[in-house]
Every structure is written in C-alpha cells, then in structure tokens.
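Please consider the enclosed spaces of the following model and the residues that surround them. A helix is also examined for its length and burial.

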Amino acid sequence: MNQTQNVYSEFPLLSCFLLFTYGVINHIKTLNLSTVLRMRNSTIANLNGVFVQIQSNIEAGRRKIAISREVVKCETLKSSENGVKQAEKPAYSDIIIVGAGVAGSALAYTLGKDGRRVHVIERDLTEPDRIVGELLQPGGYLKLMELGLQDCVEDIDAQQVFGYALYKGGRSTKLSYPLEGLDSNVCGRSFHNGRFIQRMREKAASLPNVRLEEGTVTSLLEVKGTIKGVQYKTRTGQELTACAPLTIVCDGCFSNLRRSLCNPKVDIPSCFVALILENCELPYPNHGHVILADPSPILFYRISSLEIRCLVDIPACHQMPSISNGEMTNYLKSKVAPQIPPELFDAFISAINKGNIRTMPNRSMPAAPHPTPGALLLGDAFNMRHPLTGGGMTVALSDIVVLRNLLRPLCDFSDAKALCEYLKSFYTLRKPVASTINTLAGALYKVFSTSHDPAQKEMREACFDYLSLGGVFSNGPIALLSGLNPRPLNLVIHFFAVAIYGVGRLIFPLPSAKRMWMGARMISVALGIIFPIIRDEGAQQMFFPRTIPAFCRSLVV
C-alpha cells in the first residue's frame, strides 16, 4: 500500500488519468447496450456535420482565392464572334461594356476612338429583330454626328423623317420639325433596328483597341464595395472573368445587373402590338403618323422603302387579347381598323391576315442611380420612358456625349472611389435632354389616351387644337419632342399653355359656372399629369442644376 501511494505521489498525472478511467468504466457498467449505441451514433453524426462544414468552408475559400487570382491577373480568353469581323485584340482593358445594343456599340466606338482599350461582352452578336428602337429623332441624329457615327444610318435602307401627322376624329394636321438653319442632311431617320445596331457593332469592332466578345454576363465582380469586372459565360459554356477599372452596364431594358447599381422602379403602362404593312403609302410621306384612337394612340412610320411599321398601343388597364386563340385578330379588325386612315385600311387588314403579329410591353423607369465605385449604368438599363415619342435612342446618344466629355480629361481610372465621386456630375449634366424627353413622353401618352374624366377629354381636344394652330404653337412642342430644344422650362411652359388654351376655349365668349368649373378641373388634370413625372425626374436637377455640388465640381475640372 505504501508502494502504491509512493507511485501516486511521484506521478500525479498518472494518478488523475487512472482515477478518470476508473470512473468512466464504472459509468459504462451502469448503461445498457442501447444507450451506448445511441451515444455512439449521435457522436458520429455530430462529427460528420463538423466535417461537412469544414469541407464547405474550404471550398468557399478556394472559390474566393480563385476569384482574387482572376481579379489580379485579369485574364480573359479569345472567342470567335458571330457576324462581326475583327482582328485579335489585347486582353487588358480600361473599360468593360456589358451589352452591344445601340448604347453599348456607340459607347464602345466613342471610347475606343479616344484611345481607351474597350472590351464589349454581348449575349448575342447576331442581328437583333425588335419592334422598337426604329425611329431616331433629329436631335439624336445630331448626337450621332457628334460621335462620328452618322454613316451607320447609310446602306440600311433608312428613311428620312421630317415630322409628324396627327389624326383625331377624321381631322388631321401636319407638324414639321423646325430644321431651319441646320445642315440639309439633318432630319429624323427610321429603319430596321437590327440593321442599325449591326452597322454600329461593325464600326466599333473596326478599331484595334475595341474587342467584341459573345458571352452572357452572370454577375459583377465586387471586391470591398468596388466593382472590379464581370463574370461571364461564353457560347461554349466556359466561365470566365474579365477585369477593368471601369465597368459600364448597357444590357438593355431586361437588365439583370442593374439592381446593385440603381433603385429600379419599372412601370409597364401599356403594350405595343406590332404589324408590318406592305404595298401602301403613308398619307403624309416622310412623316410619322399618330392616330389619337380609342383607347390609346396608334403609330405608323416607314422603316424601309417597302415596309411601314404599325404599333397599336393597348393600355395596361385593358385586357390584352390573346394571339393564339384569335382574339387579337378580332380586336384589330373590329376595334382598331375603323379608326385608321382610309389610305392604310386595306394594307392593315392584309397585315392582320398574314398573321405575323408581335407584342412587346412598354416600360418606363426613372433614373435612380446608386453611385458605385468601378461601375456605371447607361441606356435602357438605366432609364426608360414610354416609346410613344421615339426618344430612347436620343437620350442614350446624348448620355454618351456627356460621359465621353467627362472621361476625356482623365488619364486613367485606377482610383475607383475618386472616379465615382467625379462621375456623379454625369447624372445632373444629362438632365436637360433626358428629363425633357422623358417628361414629354409620359405626359403626351396620358394626354393622348382616352379617359372617362370629362376634364381630361377636354385636355386631349385642347392639345390637338393647340398643335393645329401652327407657328410657335407647334414648333415649340415639336422642337422639344425631337430633341432639338431640350429645355425643361420650355416644356412646362408649353404644357400649361395647352391647359390655359383649353380653359380659354371653354369660358369665352360665353362663360358659365359649369364651364369655369371644367376649366379649373383641366388645370388640376394638367398638374396631376406633369408634376409626378417631374418629381420622379428630380426637379432640382431639371431646373436648378447649378445648385448640385457634383455639377459645380465638373465645371472646375
């Protein structure tokens, strides 16, 4: 016993271990076999969970390391492009452009011409087939000339447009663009959208420092709050990463990347039903035709020497007829056909019978950016308006001119945060053109659509009669619509001049309490139409841009 105690005293750790083991053995003796098995299974399950979590963390770490390596190396692979010829281009880029539509292609050429190394990634480089983006206003053509892209409307059978013809209740009036003092080739252009885009893609790809690649961008690469580039898949399904100091997202109205760069509030006020008329002439050659129909406008304009595009607007508040079961055919023949000019009736019925009827929702989205280091939004991904006035391409091209002028003085874009702060002025500098066209498109659509409100019906009548007066009464609004005079204050003046003109028609020469009340309701309707649009556009940026700090900083630079 004394020897055992000596051993315990000389080896205290051994004694503790033996006592612990003795206690565990006595505890196990008290447990039955099923309890021991349950404990074993529970322990094994817990260990498996731990191992799975460890493995998951290891895989996540590997992915982060792989992305970091790709961000540092900025390695991209060459791919064969579909439909656009180009030579081998350098892999490193100053700018990545997502999307090669009107905005993306024009931007690529513009920045490439300024010496920037540009990498354009487009989902599909074959010729698009769209039913909108077919009318370029004179103001947009001037921007096209400023960018050196005016030859892109040549050799695509584009048609010259000199104004509009407006129809209502059997009456019509011609509204010509105020083109006096401009070059003889300045006017509107209408064409097949796909042909126009392909010409711009070819012109961009002809520059040695612009690389067009077919691929689908799946996400933006973000590192510590800064966009470093994009991840994308090639046509073969290969996942690649492209990096650049600045990424400009121009992936159109269906953009899946804009949510991290803006606050998208997309509204769908109506839908276009599209047809192509053949073997007929427009009553007013080289003019777009707008019919103030029930329930909303119908558009006609020539897109080639043999084809006339017809767009029938159906408001969102109306049930959309089905094409598959014949409801749409019946709707067009019974509801729409009686309202179109007689000169186009037979061609319209023939186009319906051919069955090539297409539809597209009309989207509206005010610009609400989240300035993000390393990235910028442009085109329909950034800002949309109702296509009634055909102003989308004019806004996009004007935005490109503004952005080019801002980027020209900069040697490099490596300081992403400083560049982001500097480019905040872009959102104010674009406002005169963008807000004028956006506001006019939204306001005209509401005025030109039918309503159960008698005051809004009077507003519609007053608008048609006001424009029919000619002279300054038509030249002013058409200059705003065409982008030739993008001044928000002029827009507000003419809009309320229409309302006041309508009130004057009501109360003179024999005013009455009922007529005066209707006049007051008309003013109220006008306020209800235009003020919400101005609020969404940003009243301060529209009318008082010099009070915006970012605008003042851009003037210093």
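Helices (H or I, at least four residues) and strands (E, at least two) are DSSP runs, numbered from the N terminus. The model is predicted: local features need pLDDT of at least 70 and side-chain atom pairs pLDDT 80 or more, whereas totals for chains, interfaces and linings use all residues. Residues are numbered from 1 along each chain as its sequence is written, and side-chain values use heavy atoms, without hydrogens and water.

A cavity is a set of points, on a 1 Å grid over the protein atoms alone, where a 1.4 Å probe fits but cannot get out; lining residues have an atom within 4 Å of a point. The whole structure holds 5 cavities of 30 Å³ or more. The largest cavity contains about 340 Å³ of space, a volume being the space filled by probe spheres set on the points, which are joined across faces, edges and corners. Its lining comprises 23 residues, with Leu440, Leu444, Phe448, Leu467 and Pro477 nearest the centre. Helix 12 contributes the most to this lining, 5 residues.

The second largest cavity holds about 70 Å³. Helix 10 supplies the largest share of its lining, 3 residues.

Helix 9 (residues 392-407) has 16 residues; at 1.5 Å times one less than that number, the helix should span 22 Å, and its end C-alpha atoms are 23 Å apart, which agrees. Because 14 of these 16 residues are buried (under 20% relative accessible area, with a 1.4 Å probe and protein chains only), helix 9 is largely enclosed by the rest of the structure.

Methods. Buried means under 20% relative accessible area, exposed over 50%, partly exposed in between (1.4 Å probe, protein chains only). On a 1 Å grid over the protein atoms alone, a cavity is a set of points where a 1.4 Å probe fits but cannot get out, and a pocket is an open set with protein on both sides within 12 Å along at least five of seven lines; lining residues have an atom within 4 Å of a point.
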